[in-house]
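Me: Please take a close look at a single part of this structure, the salt bridge and its setting, and then relate that part to the packing of the helices.

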Amino acid sequence: MVAIDAERYGDSLLDAAAVILTMAQYWRVIGPVIEDRRMSAKDRIAAATTPAEIEAASIGDWSITP
């Protein structure tokens with residue numbers, strides 16, 4: 001699979017592997033943040049009792065800042 005990525009993007013095998021490993025590390029860091037926000041939004045929506053509350057609860061901040 002690394003070879004396919006390397007060929008597709010014109011990278012060396014080493015460069016393609018570095019990109020894959022770097023992205024995997026980013027996902028290890030950001031994945032739990034995204035999941036926490038997603039589950040929090042589900043909880044807010046479940047607790048809402050009116051359509052307006054549901055609408056307000058469904059709006060979340062998905063921006064990621066360091």
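Reply: The side chains of R38 and E35 form a salt bridge, with an N to O distance of 2.8 Å in this predicted model. The structure holds 1 salt bridge. R38 and E35 lie 3 residues apart in helix α2, and therefore about one helical turn separates them. R38 is partly exposed, at a relative accessible area of 35%, and E35 is likewise partly exposed, at 36%. Both values fall between the 20% limit for buried and the 50% limit for exposed.

The helix that carries this pair, α2, spans residues 13-47, and its axis comes within 8 Å of the axis of helix α1, residues 2-9. The two axes cross at roughly 110°, which means that α1 is roughly perpendicular to α2. On the α1 side, the contact involves V2, A3, D5 and A6; on the α2 side, L13, A16, A17 and I20 take part. By class, this contact has 7 nonpolar residues, 1 charged residue and no polar residues.

L13, in helix α2, illustrates the contact at the level of one residue. Leaving aside residues up to four places away in sequence, L13 touches V2, A3 and A6. The C-alpha atoms of L13 and A3 are separated by 6.1 Å, although these residues stand 10 residues apart along the chain. L13 is nevertheless classed as exposed, because its relative accessible area is 53% and the class begins over 50%.

Definitions and conventions:
Residues numbered from 1 in each chain as written. Predicted model: local features only at pLDDT ≥ 70, side-chain atom pairs only at ≥ 80, totals over all residues. Heavy atoms only, no water. Axes fitted to C-alpha atoms, helices over the stretch in contact; angles between N-to-C directions. Helix = DSSP H or I, 4+ residues; strand = E, 2+ residues; numbered from the N terminus. Parallel < 35°, antiparallel > 145°, perpendicular 65-115°, else oblique. Contact = heavy atoms within 4.5 Å. Nonpolar A, V, L, I, M, F, W, Y, C, P; charged D, E, K, R; others polar. Buried < 20%, exposed > 50% of the residue type's maximum accessible area, 1.4 Å probe, protein only. Salt bridge = Lys/Arg side-chain N within 4 Å of Asp/Glu carboxyl O.
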